[in-house]
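Here are my notes on the model you sent. They are numbered so that you can reply point by point.

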Amino acid sequence: MAGAAEPLGGASKPPPAIELRAVSKSFGLVQANKNIDLVVQPGTIHGIIGENGAGKSTLMNILYGLHQADSGEMIINGAPVQIHSSADAIACGIGMVHQHFMLVPNFTVLENVMLGSEGGMLLAEGREETRATLQKLAEEYGMTVDADALAGDLPVGLQQRVEIIKALKGGAKILILDEPTGVLTPQEAVSLFKILETLKQDGVTILLITHKLEEIMAATDTVSIMRQGEMVGHRATAETNPEELAELMVGRKVLLRVDKGTSQPSDVKLSTSGLSCTSPEGVQFIRDVSFEVRAGEILGVAGIAGNGQSELLEALAGMRPPTTGTIEILGQTITADGQSDPQIMRRVGLAHIPEDRHKFGLVLGFEARENAILGYHYAKQTGDGRLIESKAVTAHCQALMSAHDVRPDNPYLTAKNFSGGNQQKLVIAREMHAAPGVLIVGQPTRGVDIGAIEFIHKELIALRDAGAAILLVSVELEEVLGLADRIMVMNNGEQVGIIDRSEANEQTLGLMMAGIAPEKAA
Amino acid sequence: MSEFALQLLLTFDATLRLAAPLILCAMAGIFSERSGVIDISLEGKMLSAAFTAAAVAHLSGSPWLGVMAAVTVSMALGIVHGFACITHRGNQVVSGLAINILASGLTVTIGIALFRQGGQTPPLTSGERFGPITWWFVEGLNTIPLIGTIYRELISGHNVLVYLALAAVPLSAWLLYKTRFGLRLRAVGEVPEAVDSAGVSVVWLRYRAVIIAGLLCGIAGAYLSTGQGAGFVREMSAGKGYIALAAVIFGKWRPAQALGACLMFGFLEAGAARLQGVELPLIGEAPVQLMLALPYIMTVLLLAGFIGRAHPPAAIGEPYVK
Amino acid sequence: MSATPPLPRWADLFLLPALNLLAAFFVCGLIVLAIGENPITALGVMIKGAFVYPGSLGYTLYYTTNFIFTGLAVAVAFHAMMFNIGGEGQAYVGGLGAGLVSLSLAGVMPSLIVLPLAVLGAALFGAAWGIVPGYLQAKRGSHIVITTIMFNFIAASLMVWLLAGPLIEPGQMSPQTPKFEPAGQLPSLQAILGALGISIANSPLNLSFLIALAALFGFWVLIWRTRLGYEIRTVGQNPEAARYAGINVPRVVIITLAISGALAGLMATNEILGVQHRVVLNFTAGYGFTGIAVALMGRNHPIGIFLASLLFGALYQGGAELDFEFQSITREMVLLIQGMIILFSGALAYMFNPPVARFLARYAAKREAAHV
């Protein structure tokens, strides 16, 4: 009824679907949203773009009632509203598809869709009605899904479809999607955008949260840009370009190119042959991966998140024993039946900067100095005696902090009290101190501020030039293109191919990430 | 009828009497744990309820007033548990433990203050407790062999709370699987975020779950002191709350299976009581202590996956933070 | 979700625990009042009973010894984020270990050999009763809380069977073992100090108190100065980071539970080797559960655990005095206080956090404003 379907000759223009005025929100000392203004016209697809940690998700959670704003106004379809819970948001006609799906895995699709709007005290009353709604949505938008399948058994793309159905079932006219393509294959993403387009034609207003420029350019009508908790610009998508958006996102001209000399690769220091990893439940994470990394070069690993890169890192780091195949590090061979253990890998000469510093790289409740020996608590950093020498540990941490510009340089400060960038620098300092022959790095600059990104990139290049073999996993294509000398692309646990940096650009890599081998792509 | 068959029948009869509080507490545990709140305070709630029921029944002369008071006290303890673990996101095990210890101390302290009998209540007269209900046609059917005896001993002749315990099972199953409340309750114990984002209050759902748990434990406690026994004695719950917890796990958090576990555990206890000091062929003296420990041993084996697998609700034990 | 400013360290370490303790005592005071007695008088009686009467301090420290052991047992597991609720059963089985050594060796060997072995026996048997739940948690994914609860009951059944059967004192009816020979008895502190020419009042306080003090120090070294302690804390705070660091998480969990069980088992050195001189039924008397309160109040730190143990020792000893002085309040009052302390210092530990933090922040802001 509303939006695009409104007759043009009407008395007045319809009010904006969403209007936010001066919305602010802080968590403790961190101000996540500062005076945010936002206007979204009905029946459009509006993008909100910004780096990780720019405050996009917080803003959407406020709009959906999961967080409460400290101050500011919200106006939905011209009427001021108070949204204190998701129930209020749903009553305002807002539906949300969260970044992390909110499905009960041991419920059927039908039960998941019913949850919250069961249609009566007894389930029997609403069940057929919900089934009919499912059928209707399937027909109208091509969102077919088996109502009686267990949600946990569905592939990710279908799970997301269930989430969209959940958001729309009550007739929501505003749909928020938070980073919807992060877990999708390119094909799934294409079909998602098709569905969104159909919804738009039907008058649904869509808010698309993403940090991917190409999605904004391809799918949205208008776009708002956020940076460090603030709204820094609004644009019509047709009147802007990726360069401008990128500049707005990071606050200055981005140097996508990292200054580095050409690589001087010499001996092979890290190699795998036929490496495969299977979970105890039988899920195969990586299949038959073979590559080599030479001293003095960076091998970049590109791919959509969740295509085996994390597992590859874990296998190389000794955290996940290979099922078949071998890993060779500085002449030492680790086979499937051999011992695979992070301690052994470190002793051989491999250092590992993990993808997720909060999950793996740091113990947030520990002091910085205790984190500085994580993984090295049997090494000389902790003193020579049978006991851990407190003074030696503190001195070691102090040295790392001054050498790698960790601020504040207080070894007694608890890790959680450092900024993301300084936490990451602490991890990098610890791993680089080992002067490793081989370094494996995952997402080195995720959630890190611009200044630290440059610093970290320079440190990686310096280590390469000092003769280390570096394997870099990143889901940011720009980062891989900027740092790597050769690039391996992974899809569904397999290596699609390895190409030289000089042959690589976003298009070729994009095709490879979708699983199309370079010779076919060419 | 042979002596053995009669003995067996009497053991089944005792099984039912011993299982009744287990069944009620197990259903309580299922509601709480299915909502994501660990409840080791079944024991303490039952003990407090047993005391309250006996004390109020004695003072008022009515077992029904006793039950109502017991349920109120037990629900209040449930709310304390909720206040600690749901509102203040405290550790659920610690909170449950606190309630159990509080119950041990409070029942005796108040008991002494009220009755000066070393923590017991005065013995209840028959009017102050729940007597057996004789069903229709017991006399008529008595002449039929087997069926008559079974009807007389096993089906008829229990007090009303035993029948209530048995009724609680299908009622709980219906509530869990056929109603809106049940769907939401099961969801909140698995993925509370899903419930929250569907616009349903996680906090209120969990509070309702711990209050229902309080209600059921309250009846169980009243049964101990005004149905099975005739008055309160200190520590009269004697670990039954923990056996019920074991039954919840053994029944994989499902009412019907938990009923089976309760009956099995009750049968072991009834059998142990009957076999005390009895010489068995081949085995020698009956291993009574082993029989009493079997519920715990079997639960350990089940949890460890040696006999099947029990999957607890995914969000159990974790306070919900938006 | 209102934002809570961070709490200063001193407030977190001292003010908050003090407030929680105060709240627990306050509610208990209300209950005493409701019963019709004067809570202040009751408190006075307890303090006198715990510290003032001759020998009372010895009794207080005797209880303190138990709580140091069980408190440390819970605390070491807490450092690995494991909730060992089975101290009761581990101590019980520990008593069996100590008893078996003393029963079999005390008649034939001198105490210098028997006693260390008996202490070791208590620790080893306790450790064994802790290792099994630890193993099941680490390797089979059983919930440690449930398993240790079940193991408490299994231990109780086992001990009843043993004490009423194979180990019963011949010719006696009560379920307990024969008395140990003198070589299997830990000397009382009265005897030790007497030998040094120092005279103290008679009390059950014995050598195990010194073992407990040594355990406190050993605990500190283990947790904050050894590599194993570092691994235990890492596993507790972030098991994924532990895996990343190459720490064998299941192994650390099992070792931690073994240490925890051993500490709980050592409680038997006080009760069995030091006081009862035989293995008796239910000698653990809930001390294992009290250990949870001790660890929670003591914030898993040896100094805190010592102070909390002293508090509970005083409560137990002073609580016994209530029986003599009052008609309507008894030592069960102590259980009530204990329950309240677990509730307020444990489950509701952070209830006062937001208001206190806001108050302190406002106070600090005011002071700053006044200075400007």
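1. A:Glu19 is buried, at a relative accessible area of 18%. The cut-off for that label is under 20%. This is a predicted model, so treat each value below as computed from predicted coordinates. A:Glu19 pairs with A:Arg21 in a salt bridge, with 3.2 Å between the closest N and O atoms. The partner, A:Arg21, is partly exposed at 37%. The bridge therefore joins a buried acid to a partly exposed base.

2. Now look at helix α6 of chain A, residues 186-201. A:Glu197 and A:Lys200 both sit in this helix, three residues apart, or about one turn. Their side chains form a salt bridge, and the closest N and O atoms are 3.7 Å apart. Which of the two labels, buried or partly exposed, does A:Lys200 get? A:Lys200 counts as buried, with 14% relative accessibility. A:Glu197 is partly exposed at 32%. Here the base is the buried partner, and the acid is partly exposed.

3. A further pair in chain A is A:Arg407 with A:Asp405. Their salt bridge has an N to O distance of 3.0 Å. A:Arg407 is exposed, with a relative accessible area of 52%. The line for that label is over 50%. A:Asp405 is partly exposed at 27%. Over all chains, the whole structure holds 29 salt bridges.

4. Next, the contact of chain C with chain A. Chain C brings 19 residues to it, and chain A brings 35 residues. Together the two chains bury about 2,400 Å². Carbon and sulfur atoms give 55% of that area. Which residues of chain C lose the most area to chain A? They are C:Arg227, C:Tyr230 and C:Tyr244, which together make up 38% of what that side buries.

5. The charged and polar links of this contact deserve a look. Two salt bridges are counted between chain C and chain A. C:Arg243 meets A:Glu314 in a salt bridge, at 3.5 Å from N to O. These two residues also belong to a network of salt bridges, along with A:Arg320 and C:Glu240. Polar contacts add up to 21 residue pairs between the two chains, with both residues at pLDDT 80 or more.

6. Which helices of chain C supply at least two residues each to the side that touches chain A? They are α8 (208-225), α9 (227-237) and α10 (239-244). The largest share, six residues, comes from α9(C). By class, this side of chain C has eight nonpolar, five polar and six charged residues.

7. Chain C also touches chain B. In that contact, 41 residues of chain B meet 39 residues of chain C. The buried area is about 3,500 Å². Carbon and sulfur atoms carry 80% of it. One salt bridge crosses this interface. C:Glu332 and B:Arg234 form a salt bridge, with 2.9 Å from N to O. Five residue pairs are in polar contact, both residues at pLDDT 80 or more.

8. On the chain B side, the elements giving two or more residues are α3 (63-87), α4 (92-115), α11 (240-250) and α13 (288-303). α4(B) gives the most, with 14 residues. How does the side of chain B that touches chain C divide by class? It has 27 nonpolar, 11 polar and three charged residues.

9. Last, the fold of chain C by itself. Chain C has 15 helices and zero strands. Of its 372 residues, 57% count as buried. Among contacts with a separation of 6 or more, 75% join residues 24 or more positions apart. The C-alpha atoms fill a box of roughly 80 × 60 × 40 Å along the principal axes. Why does the radius of gyration of chain C agree with a compact globule? A compact globule of 372 residues would have a radius near 21 Å, and chain C has 22 Å, so the two agree.

Technical notes
Residues are numbered from 1 along each chain as its sequence is written. Chains are lettered from A and ligands numbered from 1 in the order in which they are written. This is a predicted model: local features need pLDDT of at least 70, side-chain atom pairs count only at pLDDT 80 or more; totals for chains, interfaces and linings use all residues. Side-chain values use heavy atoms; hydrogens and water are left out. Contact means heavy atoms within 4.5 Å. Buried area is the accessible area (1.4 Å probe) that two parts lose on being put together, summed over both. A salt bridge is a side-chain nitrogen of Lys or Arg within 4 Å of a carboxyl oxygen of Asp or Glu. A polar contact is a pair of N or O atoms within 3.5 Å; within protein, one must be able to donate a hydrogen and the other to accept it, and residues adjacent in sequence count only if both atoms are side-chain atoms. Helices (H or I, at least four residues) and strands (E, at least two) are DSSP runs, numbered from the N terminus. Ala, Val, Leu, Ile, Met, Phe, Trp, Tyr, Cys and Pro count as nonpolar, Asp, Glu, Lys and Arg as charged, and the others, Gly among them, as polar. The radius of gyration is taken over C-alpha atoms; the globule rule is 2.2 Å times the number of residues to the power 0.38. Buried means under 20% relative accessible area, exposed over 50%, partly exposed in between (1.4 Å probe, protein chains only).
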